[in-house]
Amino acid sequence: MKEVSMTTVTISPGGEVLEAAEGMSLLEVLLKGDIKIPHKCDGKASCGSCHIFVQEGRKGLTKIAREENEKLDSIVGVGSKSRLACQAKVLGTENIKIELLGFGSGL
Ligand code: FES
């Protein structure tokens, strides 16, 4: 049986550190850790409400696919560190640091 790699996801501004197993999306990691994050479309890359910034460990996540890219393009305030938490899956190779966007940011 293949071993599942565990890495951590550190969240700012709260400073929580969550364990993340390979294959989990960041949204799943956050929800499992009781971190509140909007996810209106339940992970279908169509609402954009789970937009976060990845501060460190981008290489420890799956690459941005076309659907995610298109959605990100339509969101205001997107930067080079932007991801949709529901689409970015943990590869288990690097620890990750993310920043949650403030609630009430209009999303
Ligand atoms: S939950 Fe809707 S885009 Fe991620």
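**Close-up views of the predicted model**

**View 1. Strands E3 and E5 are joined side by side in the sheet of this predicted model.** Four bridges connect E3 with E5, and the two strands run antiparallel. One of the residue pairs in this view is Glu56 with Lys97, the latter being the bridge partner that Glu56 has in E5. Pairing of this kind rests on a general principle, namely that strands of a sheet pair through backbone hydrogen bonds, either parallel or antiparallel.

**View 2. Strands E1 and E5 are likewise connected by bridges, and here the direction is parallel.** Four bridges join E1 to E5. Val9 has Ile96 as its bridge partner in E5, and for Ile11 the bridge partner in E5 is Ile98.

**View 3. The side chains of E5 alternate between two faces.** Which residues of E5 point to the face where side chains are buried, and which point to the other? Ile96, Ile98 and Leu100 point to one face and are buried, whereas Lys97 and Glu99 point to the other face and are not buried. The arrangement can be read against the general rule that in a regular strand the side chains alternate between the two faces of the sheet.

**View 4. Five strands make up an open sheet with mixed pairing.** Across the sheet the strands are ordered E2-E1-E5-E3-E4. Strand E2 (17-21) and strand E4 (82-84) stand at the edges with a single partner strand each, so one side of each of these strands has no neighbour in the sheet. From one strand to the next, the twist averages 40 degrees.

**View 5. The whole chain combines two helices with five strands.** Followed along the sequence, these elements give the pattern β-β-α-β-α-β-β. The radius of gyration of the chain is 13 Å, close to the 13 Å that the globule rule gives for 107 residues, so the chain is as compact as a globular protein of that length. Taken along the principal axes, the C-alpha atoms fill a box of roughly 40 × 30 × 25 Å. Buried residues account for 26% of the 107 residues in the chain. Of the contacts in the chain with a separation of 6 or more, 69% are between residues 24 or more positions apart.

**View 6. The largest nonpolar core contains 20 residues.** Within this core, Val9, Leu26, Val29, Ile52, Ala85 and Ile98 touch the most other members. Strand E1 (6-12), helix H1 (26-32), strand E3 (51-56) and strand E5 (96-100) each contribute at least two residues to the core, and H1 gives the most, with four residues. Looking more closely at one member, and leaving aside residues up to four places away in sequence, Val29 touches Val9, Leu18, Ala20, Met24 and Val90.

**View 7. A cis peptide bond joins Ser12 and Pro13.** The omega angle of this bond is about 10 degrees. Pro13 itself is found in the loop between E1 and E2.

**View 8. Asp34 and Ala45 both have a positive phi although neither is a glycine.** Where in the chain are Asp34 and Ala45 found? Asp34 is in the loop between H1 and E3, and Ala45 also lies in the loop between H1 and E3. The phi of Asp34 is about 65 degrees, while that of Ala45 is about 60 degrees. Asp34 is exposed, because 8 other C-beta atoms lie within 10 Å and a residue counts as exposed at 12 or fewer. Ala45, with 18 C-beta neighbours inside 10 Å, counts as partly exposed. The C-alpha atoms of Asp34 and His51 are separated by 17 Å, and these two residues are 17 residues apart along the chain.

**View 9. Lys59 is an exposed residue in the loop between E3 and helix H2 (66-73).** Is Lys59 buried or exposed? Lys59 has 11 other C-beta atoms within 10 Å and is therefore exposed. Between Lys59 and Asn95 there are 9.4 Å in space, taken C-alpha to C-alpha, although the two are 36 residues apart in sequence.

Definitions and conventions
Residues numbered from 1 in each chain as written. Predicted model: local features only at pLDDT ≥ 70, side-chain atom pairs only at ≥ 80, totals over all residues. Core = buried A, V, L, I, M, F, W, Y, C linked by C-beta atoms within 7 Å. Contact = placed C-beta atoms within 7 Å. Rg over C-alpha atoms; globule rule 2.2 N^0.38 Å. Pairing = 2+ DSSP bridges. Axes fitted to C-alpha atoms, helices over the stretch in contact; angles between N-to-C directions.
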